[in-house]
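Subject: Structure handover and findings

Hi,

Here is the structure for you to look over. Please open it before reading on.

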Amino acid sequence: MAHKKTPENSSNLAGGEFKGADEASEARLLDERIARYGVAHARSQAMLCHLREAPSQASIKTAAGLASCGNYLHFREYFTVGKVRLHSATFCKQHLVCPLCGIRRGAKALGAYLTRWQVIQEERPDLRPYLLTLTVKNGPDLEERQAHLSKSLRKLMTHRRHFNAGVPRAPWTELCRAEGGVYTLELTNNGKGWHPHCHMIVLATSQPSQTDLSSEWHKITGDSMVVDCRPILGDPVEGFMEVFKYAVKFSDLTLADNWHAAQILKGKRLLNSFGLFRGVEIPDSLLDEPLDGLPYLDRFYRYLGDSYQPASIRE
Ligand SMILES: [Zn+2]
């Protein structure tokens, strides 16, 4: 089980979470959601087996969490409005090793920031969202690469802050166009070394120049200039999802690499915000908000074999 192939589509799991969330077809999408959660849980279980093969001081607690995470899911279907809400479940909240908790965490963050964006839009219709990706060159030492990315980002943010505050001789940065932003760190490793990078939503009245950002970034990092900046067009969910998906790309990582990455990233701040996006609160609970005052049907699912199966309440 520990050597089971990582599901190909698991990097997109957080994506499906919000598709159709406001459509009456939600109830029909429940099967897809259950299947997605099943794939995620299978990977968590594979990690559990992996950790149990060679237990260490650090892995015992993690394994205990994984062992109880997502064994059952209890949904409420509000059949008069075609909505479904995840009502109860046990979560380990170890999003760096558990894709199920990763999906839920991403969905909650996505929801909170989209809500804030809607409010901002009303007040500032001149602002547009842009997706900015900043990368550092691949390398064999994850800790070194991760520290390099974090340090470089801090420098870039300091440039912005100092210029905006009128600090003498502070250099201009294209990021000064951003009146608000939220960014996360993500890790991939597809066999060519560790590749930490940053995805950022930038709110600005005009598009930051990718060319200028690239040369700024090269000056800051000394070794990296790959930067991408593009407007988020159409449904903002698509662009925002890029920022709030997993912090580690499970589908790219072997279980051993995943565990190593979790050790390095543990306790690090992986989500930051500034300006108009400052102070957005992400709910602690990984469950959905219930819909009050509407009739519902309870739907229970238990993880059996390799997928979630409907279960009766008396089982
Ligand atoms: Zn979990």
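Below is what was found in it, topic by topic.

**Ground rules.** This is a predicted model, where local features need pLDDT of at least 70, side-chain atom pairs count only at pLDDT 80 or more, and totals for chains, interfaces and linings use all residues. Residues are numbered from 1 along each chain as its sequence is written, and side-chain values use heavy atoms, with hydrogens and water left out.

**Confidence.** The average pLDDT (the predictor's confidence in each residue, from 0 to 100) is 90 for the protein, and 91% of the residues score at least 70. Among the elements, β3 has the highest mean, 98, and helix α1 (residues 13-16) the lowest, 41. Helices here are DSSP runs of H or I with at least four residues; strands are runs of E with at least two; both are numbered from the N terminus. Residues 1-16 stay under 50 in pLDDT, with 35 contacts beyond four places in sequence in the model. Contact means heavy atoms within 4.5 Å. Residues 19-24 are also below 50, with 11 contacts beyond near neighbours in sequence. Where pLDDT is low, the predicted coordinates should not be read in detail.

**Five-stranded sheet.** One open sheet has 5 strands in the order β6-β3-β5-β4-β7, with antiparallel pairing. Two strands pair if DSSP finds at least two bridges between them. The edges are β6 (227-231) and β7 (271-275), each pairing on one side only. On average, neighbouring strands of this sheet are turned by 15° against each other, direction ignored. Axes are lines fitted to C-alpha atoms, for helices over the stretch in contact, and angles run from 0 to 180 degrees between N-to-C directions. Helix α5 (residues 142-164) packs on this sheet. It touches β3 (128-135), β4, β5 and β7, and its direction makes about 170° with that of β4. Antiparallel strands β4 (residues 180-188) and β5 (residues 195-204) are joined by 9 bridges. Within that pairing, Tyr-183 faces Met-200 of β5.

**Four-stranded sheet.** Another open sheet has 4 strands, ordered β2-β1-β8-β9, again with antiparallel pairing. Its edge strands, β2 (83-89) and β9 (307-311), each pair on one side only. Here the average turn between neighbouring strands is 35°, direction ignored. Strands β1 (residues 72-78) and β8 (residues 297-304) pair over 6 bridges in the antiparallel sense. Tyr-72 stands opposite Arg-302 in β8. Helix α2 lies across β1, β2, β8 and β9, at about 30° to β8.

**Cores.** A nonpolar core is a set of buried Ala, Val, Leu, Ile, Met, Phe, Trp, Tyr and Cys residues joined through side-chain atoms within 4.5 Å. Buried means under 20% relative accessible area, exposed over 50%, and partly exposed in between (1.4 Å probe, protein chains only). The largest core has 67 residues; Phe-75, Phe-91, Leu-132, Leu-134 and Met-200 touch the most other members. Helix α2 (residues 30-53) gives it the most, with 9 residues. A second, separate core of 21 residues includes Leu-131, Val-182, Ile-232 and Val-280. Leaving aside neighbours within four places in sequence, the contacts of Leu-132 include Leu-175, Cys-198, Met-200, Val-227 and Cys-229.

**Cysteines.** How many disulfides does the structure hold? There are 0, by a cut-off of 2.5 Å between two cysteine sulfur atoms. For Cys-198, the nearest cysteine sulfur is that of Cys-229, 12 Å away. The sulfur of Cys-229 makes no bond because that distance, 12 Å, is too far. Cys-198 is buried at 0% relative accessible area. Cys-229 is buried too, at 6%.

**Two residues to look at.** Pro-99 is found in helix α4 (residues 99-123). It is buried, at 1% relative accessibility. Beyond four places in sequence, Pro-99 contacts Ala-40, Arg-43, Ser-44, Tyr-246 and Phe-250. Its C-alpha is 9.9 Å from that of Ser-251, 152 residues apart along the chain.

Gly-70 sits in the loop between α3 (57-68) and β1. Is Gly-70 buried or exposed? Gly-70 counts as buried, at 0% relative accessibility. Not counting residues up to four places away in sequence, Gly-70 touches His-41, Thr-90, Leu-100, Tyr-303 and Tyr-308.

Best wishes
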